[in-house]
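Open the structure in your viewer and keep the sequence panel beside it. This tour says what to select at each stop and what is there.

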Amino acid sequence: MEHVLTYMTFIPVAGMIVVLLLPAASHNLIRWVSAAFTVPPLLMACWLFVNFDPANPGFQFVEKAPWIPAYNIQYFVGVDGLSISMVLLTALLCFLCIFASWGIDRGVKGYFALFLLLDAGMMGVFVALDFFLFFIFWEVMLLPMYFLIGIWGGPRREYAAIKFFLYTLLGSGLMLLAILALYFTSEPHTFDMTVLMAQANRYGTQVLPLWPFNELRWGFQHVVWMALFVGFAIKIPAFPFHTWLPDAHVEAPTAISVILAGILLKMGTYGILRTNYPMLPAATADLAFWCLGALGAWNIIYGALCAMAQKDLKKLVAYSSVSHMGYVMLGMATFTTQGINGAVLQMFNHGTITGMLFLLVGVIYDRAHHREIEGFGGLAAVMPVYTGVTALAFFASMGLPGLSGFISEVLVLLGAWQKYPVLAIIAASGVILTAGYLLWTIQRVWLGPTNEKYRALPEINGREMFTLVPLGAIVVLVGVYPSVVLDLLRASLDQINQIVIPHL
């Protein structure tokens with residue numbers, strides 16, 4: 001199929017235009033049209049999955065055309081093993097989140113139009129191979145997300161939206177400076193990521209004096225690496241750049257929380273693997289331990305302890321994301337096959353598991369109109385089906401064997417043990433903390449005596465189950481047969497890893 005990546009990226013934009021042309025009062029028509037425009041990207045993602053050659057570490061389904069020739073800017077897209085897993089995740093979650101947005105009843109036209117634009121921006125980030133194009137798509141995501149939180153969010157939505165916007169804008173500014181630095185030092189000047197990767201070693205001998213640390217290996221590429229890293233770390237979110245996340249999650253509508261946790265957080269670690277690793281390998285080798293390994297271990301423990309202290313169910317899940325993304329950072333820093341494969345598998349698994357968790361929090365919020373953990377109790381007797389699905393998501397999140405979260409965390413710990421055994425021990429203690437706060441939450445919300453106030457709560461409905469069943473099936477499938485995703489990743493990640501290893 002020719003131009004499949006272009007179709008996947010721009011069909012949601014066509015959907016946005018169609019939605020904007022529909023009568024504002026036709027809510028159901030707008031919802032169904034929006035859903036229809038997320039189906040082709042999902043089908044094409046399935047087609048990509050079937051036709052992708054996992055043995056080929058290079059970019060596949062490549063499309064390249066001149067865009068702004070005067071500045072050597074191209075429309076250049078393609079996928080490798082790293083990006084195809086994110087493309088699959090994006091197509092699936094966007095399709096499901098349209099149905100999770102069915103309850104939006106004000107500004108319906110604007111909400112679904114912005115959602116489709118957000119879909120296009122996210123897909124574009126994962127397929128772009130020109131840095132200029134990558135940055136355009138990165139920025140395209142920012143405005144829809146700002147308005148989706150700021151207009152359709154909770155009581156403190158404006159505060160959360162502005163905080164999200166300012167943090168992301170700061171990261172974008174640093175990224176833009178780094179991109180321009182790479183552009184003007186490349187020869188010939190180019191935004192082509194594959195060319196920048198091929199010229200990675202040209203920065204090895206350019207050393208900048210940095211008193212009083214001039215005895216340290218520090219040069220141009222270290223400065224650029226840090227600028228890119230901070231831009232991406234805000235999205236991960238890595239400590240101390242994480243404070244926008246709990247506010248954004250708590251105030252965002254359910255579907256937007258799913259998108260935030262399931263896709264946007266992955267863009268940070270994806271960006272580091274796509275740009276920092278292959279374009280700046282010597283700086284990656286020098287800085288990965290502190291900026292990814294040690295900080296990742298800190299994220300695991302800090303996020304778990306913060307989650308344990310939360311009274312709001314949605315905030316608990318938000319902080320659990322900070323903890324789980326720490327495993328991704330730690331795995332990336334190991335430069336081992338197990339660690340880096342485990343890191344990217346954790347990105348995929350976290351997207352499906354946390355997507356389920358936020359959808360499940362949305363189910364209970366729609367009925368009880370609050371998310372206070374202590375305000376519930378005994379929901380298992382009132383909503384047994386809902387409780388069963390929740391148990392599956394919670395056990396997957398805590399890394400129970402047989403479910404997807406287990407294999408990715410084990411691979412990260414295996415990789416970490418080979419390189420940084422102390423960090424592996426710290427990260428392993430995070431598994432215990434995670435089990436602690438999740439089991440404590442299950443005990444307080446779903447077990448024990450039933451709160452009489454909620455004895456008549458309706459069971460989970462068919463539409464809500466429709467959004468959860470595909471994610472639950474993937475959680476079980478990847479948990480039992482992880483090769484279905486690992487086979488996609490292995491060759492490309494080995495190639496990225498091999499670029500950095502000679503500099504260690």
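Two residues are in contact when they have heavy atoms within 4.5 Å. This is a predicted model, in which local features need pLDDT of at least 70 and side-chain atom pairs count only at pLDDT 80 or more, while totals for chains, interfaces and linings use all residues. Residues are numbered from 1 along each chain as its sequence is written, and side-chain values use heavy atoms, with hydrogens and water left out.

**Stop 1: Thr 467**

Select Thr 467, which lies in helix 18. Helices here are DSSP runs of H or I with at least four residues, strands are runs of E with at least two, and both are numbered from the N terminus. Is Thr 467 buried or exposed? Thr 467 is buried, because its relative accessible area is 4%. (Buried means under 20% relative accessible area, exposed over 50%, and partly exposed in between, with a 1.4 Å probe and protein chains only.)

Now show the surroundings of Thr 467. Apart from neighbours within four places in sequence, Thr 467 is in contact with Leu 96, Phe 99, Ala 100 and Leu 359. Its side chain also reaches the backbone oxygen of Glu 464, at 2.7 Å. This is a polar contact: a pair of N or O atoms within 3.5 Å, where within protein one must be able to donate a hydrogen and the other to accept it, and residues adjacent in sequence count only if both atoms are side-chain atoms.

**Stop 2: the aromatic rings**

Select Phe 99 again and add Trp 32, Phe 95, Trp 102 and Phe 466: these five form one aromatic cluster. Rings of Phe, Tyr and Trp (its six-membered ring) pair if their centres lie within 6.5 Å; planes under 30 degrees apart count as stacked, over 60 as edge-to-face and the rest as tilted. The structure holds 34 aromatic pairs.

For one of them, select Tyr 277 and Phe 335. Their ring centres are 5.6 Å apart and their planes meet at 35°, so the pair is tilted. Tyr 277 is in helix 10 and Phe 335 in the loop between helix 12 (313-334) and helix 13, so the pair ties together parts 58 residues apart in sequence. Tyr 277 is buried at 0% relative accessibility, and Phe 335 is buried at 6%.

Next, select Tyr 386 and Trp 446. With ring centres 6.3 Å apart and planes at 40°, this pair is tilted. Tyr 386 belongs to helix 15 (residues 384-397) and Trp 446 to the loop between helix 17 (421-445) and helix 18, so far along the chain that 60 residues separate them. Both Tyr 386 and Trp 446 are buried.

**Stop 3: Ile 272**

Select Ile 272 in helix 10. Ile 272 counts as buried, at 0% relative accessibility. Leaving out neighbours within four places in sequence, its contacts are Phe 229, Phe 232, Ile 236, Tyr 277, Leu 292 and Met 332. Measure from C-alpha to C-alpha between Ile 272 and Met 329: they are 9.8 Å apart in space and 57 residues apart in sequence.

**Stop 4: Trp 138**

Select Trp 138 in helix 5 (residues 131-152). Trp 138 is buried, with a relative accessible area of 1%. Not counting residues up to four places away in sequence, Trp 138 touches Val 125, Ser 172, Met 175, Gly 231, Phe 232, Lys 235 and Met 267.

**Stop 5: the pockets**

A pocket is found on a 1 Å grid over the protein atoms alone: it is an open set of points where a 1.4 Å probe fits, with protein on both sides within 12 Å along at least five of seven lines, and its lining residues have an atom within 4 Å of a point. Grid points are joined across faces, edges and corners, and a volume is the space filled by probe spheres set on the points.

The largest pocket has a volume of about 670 Å³. Of its 29 lining residues, select the closest to the centre: Ile 104, Pro 253, Thr 254, Tyr 365 and Asp 366. Which helix gives the most to this lining? Helix 13 does, with 6 residues. By class, the lining has 14 nonpolar, 7 polar and 8 charged residues. (Ala, Val, Leu, Ile, Met, Phe, Trp, Tyr, Cys and Pro count as nonpolar, Asp, Glu, Lys and Arg as charged, and the others, Gly among them, as polar.)

The second largest pocket holds about 350 Å³ of space. Select Phe 49, Leu 88, Leu 92, Phe 348 and Ile 474, which lie nearest its centre among 16 lining residues. Helix 3 supplies the largest share of this lining, 5 residues. The lining has 15 nonpolar residues, 1 polar and no charged ones.
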